[in-house]
Amino acid sequence: MLLIDVVRVSEAVTRTSARLGKIGHLAELLGRVGPDEARVAIAYLSGELPQRQIGVGWRGLQDLPAPKLVATATLTQIDALLSRIKAVSGPGSQAARKALVAELFASVTSQEQAFLLRLLGGELRQGALDGVMIEAIAKASGAPSADVRRALTLRGWLPAVGEAALSGGVEALHAFKLEVGRPVSPMLAGSAPGVDAALEKIGGSAALEWKLDGIRVQAHRSGPDVRVFTRTLDDITSQVPELVEAVLAMPSTDLVLDGEVIALRPDGTPEPFQVTASRVSSKLDVDRLRAATPLSVFFFDALRVDGADLLDLPYAARHQTLAAAVPADLLTPRLLTGDTTEAQDYFTSVVRLGHEGLVVKSLTSPYAAGRRGAGWIKVKPRHTLDLVVLAAEWGHGRREGKLSNLHLGARDAAGGGFVMLGKTFKGLTDELLAWQTERFLELAEGPTDEWTVTLRPEMVVEIAIDGVQRSPRYPGGMALRFARVLRYRPDKRPEDADTIETVRSLML
């Protein structure tokens, strides 16, 4: 199959607002894709790469060659080139990677170049989320969507599940089992503005677990072998020896556990998220890093213990099994209550210790892998900042034709001007999109590229964030965590915006 076929379907999905329409476009293409290309097609249409990361940032996507006039590149050819780019390492790798990127973009048309730029930049927002893609796979394969979802729970990666469904139907989907050593898509939590609202959603007593600001991990043990995976199903076993040792010390030799690793200070308070993330991401000199920044591990769920699969059991039963298999000091702290006053006091005490908040869990919920199950609800305190909009990007899907993704800057009190800290399109209603597009075009100083319009720094917007982390991606050396728009502040001038020092203080 040609890449252009996928690009055209992606554009059709973007233009289509109705869910059934999106499913129809996707299913039609999946019905035509070859068996060796299904995984690639599903990944691309889901906005991801089979390779996950290829080591090319936005700087590596500048100064691209002229496009071809005729589309001839196949999915397998593009996938192979991306794998070659990812495999480049060692001396001269930067130049070699740059040459391969040029080869990649010289082999495709301008329409395909635009698609690849958004795909590689993580900006392919077209509405083909897992739920839509699951239904499209079911329609194209003739398998019930419930079977596709169950297989996804057990396999953890939708392109592989879709490939199996398209080639083998229901029988191939039923072959997926919970396997030690193969990560499962983690259960995710919804959110609520407060513990009272969370308890109301749960509808009674619940478990209030600490929400640690660490790295989500899934630990698998089979005899003497332990493997550890992240929330994105990447294998980080060699980077977390403390966790491996902790699991090997447990009496059970057959385990799949869900938990968190986090770097703690000597007094037990958490280090900033970036400290934990930096430690876990490093693959070199782990022993030295471990001595300088040891990791602590806390488990909060069990998916398998001693040969028994626990996914379908209620949370209370899973936790009982977890507590019997895992030492008490490795369990995530929690409180069982249905009293809102007690719950609020507990939330306040956990936040004072420096943690993110709580996850309120229904005692009866099964493990809804890969989904935001109604049985888990996160509650976090909210930080707000008044920032200046420096630029905006043209949107996709329902936001097509609207200036959407905001470039946010804090005021540089010492040097003057504004320092960019990140982007967000979260929290924008249709009314805000329409209003800000009209207003931004009045403030436009000119395009930065074909997707971005630079603005005079006059608009102040109130942003909610979960925190601030160190990051080399933006000029200020920081990035906002989970930024979302609350409201515009026409009552404030740009000189009233928060300073870069105020933002930096939130990293402490």
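How exposed is Glu-103, judged by its relative accessibility? In this predicted model, Glu-103 has a relative accessibility of 39% and therefore counts as partly exposed. The residue is a suitable entry point to the charged pairs, which are treated next.

## Salt bridges

Side chains of opposite charge can pair when their charged atoms come close. The count for this structure comes to 33 salt bridges. One of them joins the side chains of Arg-84 and Glu-103, with an N to O distance of 3.7 Å. This pair links distant parts of the chain, since Arg-84 belongs to helix α4 and Glu-103 to helix α5 (residues 93-106), with their positions 19 residues apart in sequence. Arg-84 is partly exposed, at a relative accessible area of 45%, and Glu-103 is likewise classed as partly exposed, at 39%.

A second salt bridge is formed by the side chains of Glu-242 and Arg-279, at 2.9 Å from N to O. Here too distant parts of the chain are linked: Glu-242 lies in helix α11, Arg-279 lies in helix α12 (residues 273-281), and the two are 37 residues apart. Both Glu-242 and Arg-279 are buried.

A third salt bridge connects Glu-393 with Lys-423, whose closest N and O atoms are 2.9 Å apart. The partners are located in strands, Glu-393 in β11 (residues 383-394) and Lys-423 in β13 (residues 418-424), and they are 30 residues apart, so that distant parts of the chain are linked. Glu-393 is buried, with a relative accessible area of 9%, whereas Lys-423 is partly exposed, with a value of 32%.

The three pairs are set out below.

| Salt bridge | N to O distance | Separation in sequence |
|---|---|---|
| Arg-84 and Glu-103 | 3.7 Å | 19 residues |
| Glu-242 and Arg-279 | 2.9 Å | 37 residues |
| Glu-393 and Lys-423 | 2.9 Å | 30 residues |

Salt bridges also join into a network, which comprises Lys-211, Asp-213, Glu-356, Lys-380, Asp-466, Arg-481 and Arg-484. Arg-481, a member of this network, additionally lies over the face of Phe-273, at 4.2 Å from the ring centre.

## A buried arginine without a salt bridge

Arg-221 is situated in strand β3 (residues 215-222). What is the nearest side chain of opposite charge to Arg-221, and how far away is it? That side chain is Asp-306, at 8.4 Å, and Arg-221 has no salt bridge although it is buried. The cut-off for a salt bridge is 4 Å.

The side chain of Arg-221 does reach backbone oxygens. One belongs to Gly-223, at 2.7 Å, and another belongs to Leu-248, at 3.3 Å. Leaving aside residues up to four places away in sequence, Arg-221 touches Val-180, Val-226, Val-247, Leu-248, Met-250, Ser-252, Thr-253, Asp-254 and Leu-255. Leu-248 thus appears both in this list of contacts and as the owner of a backbone oxygen reached by the arginine side chain.

## Aromatic pairs and a charge over a ring

A search of the whole structure finds four aromatic pairs. In one of them, the ring centres of Phe-300 and Trp-376 are 6.0 Å apart and the ring planes stand at 80°, so the arrangement is edge-to-face. Phe-300 is in strand β6 (residues 295-305) and Trp-376 in strand β10 (residues 372-379), 76 residues apart, and the pair links distant parts of the chain. Phe-300 counts as buried because its relative accessibility is 9%, and Trp-376 is buried at a relative accessible area of 3%.

Trp-376 also pairs with Tyr-367: the centres of these rings are 5.9 Å apart and the planes stand at 90°, which means that this pair is edge-to-face. Tyr-367 is buried, as is Trp-376. Phe-300, Tyr-367 and Trp-376 together form one aromatic cluster. What sits over the ring of Trp-376? The charged end of Lys-361 does, 3.8 Å from the ring centre.

## Positive phi outside glycine

Asp-63, a residue other than glycine, has a positive phi near 55°. Asp-63 lies in the loop between α3 (38-45) and α4 (75-87) and is exposed, with a relative accessible area of 79%. Leu-233, which is not a glycine either, has a positive phi of about 70°. Leu-233 is found in the loop between β4 (225-230) and α11 (241-248). In contrast to the exposed Asp-63, Leu-233 is buried, with a relative accessible area of 13%.

Technical notes
Residues are numbered from 1 along each chain as its sequence is written. Side-chain values use heavy atoms; hydrogens and water are left out. Rings of Phe, Tyr and Trp (its six-membered ring) pair if their centres lie within 6.5 Å; planes under 30 degrees apart count as stacked, over 60 as edge-to-face and the rest as tilted. Helices (H or I, at least four residues) and strands (E, at least two) are DSSP runs, numbered from the N terminus. Buried means under 20% relative accessible area, exposed over 50%, partly exposed in between (1.4 Å probe, protein chains only). A charge sits over a ring if NZ of Lys or CZ of Arg is within 6 Å of the ring centre and within 35 degrees of the ring normal. Lys and Arg count as positive and Asp and Glu as negative; His and the chain ends are not counted. A polar contact is a pair of N or O atoms within 3.5 Å; within protein, one must be able to donate a hydrogen and the other to accept it, and residues adjacent in sequence count only if both atoms are side-chain atoms. Contact means heavy atoms within 4.5 Å.
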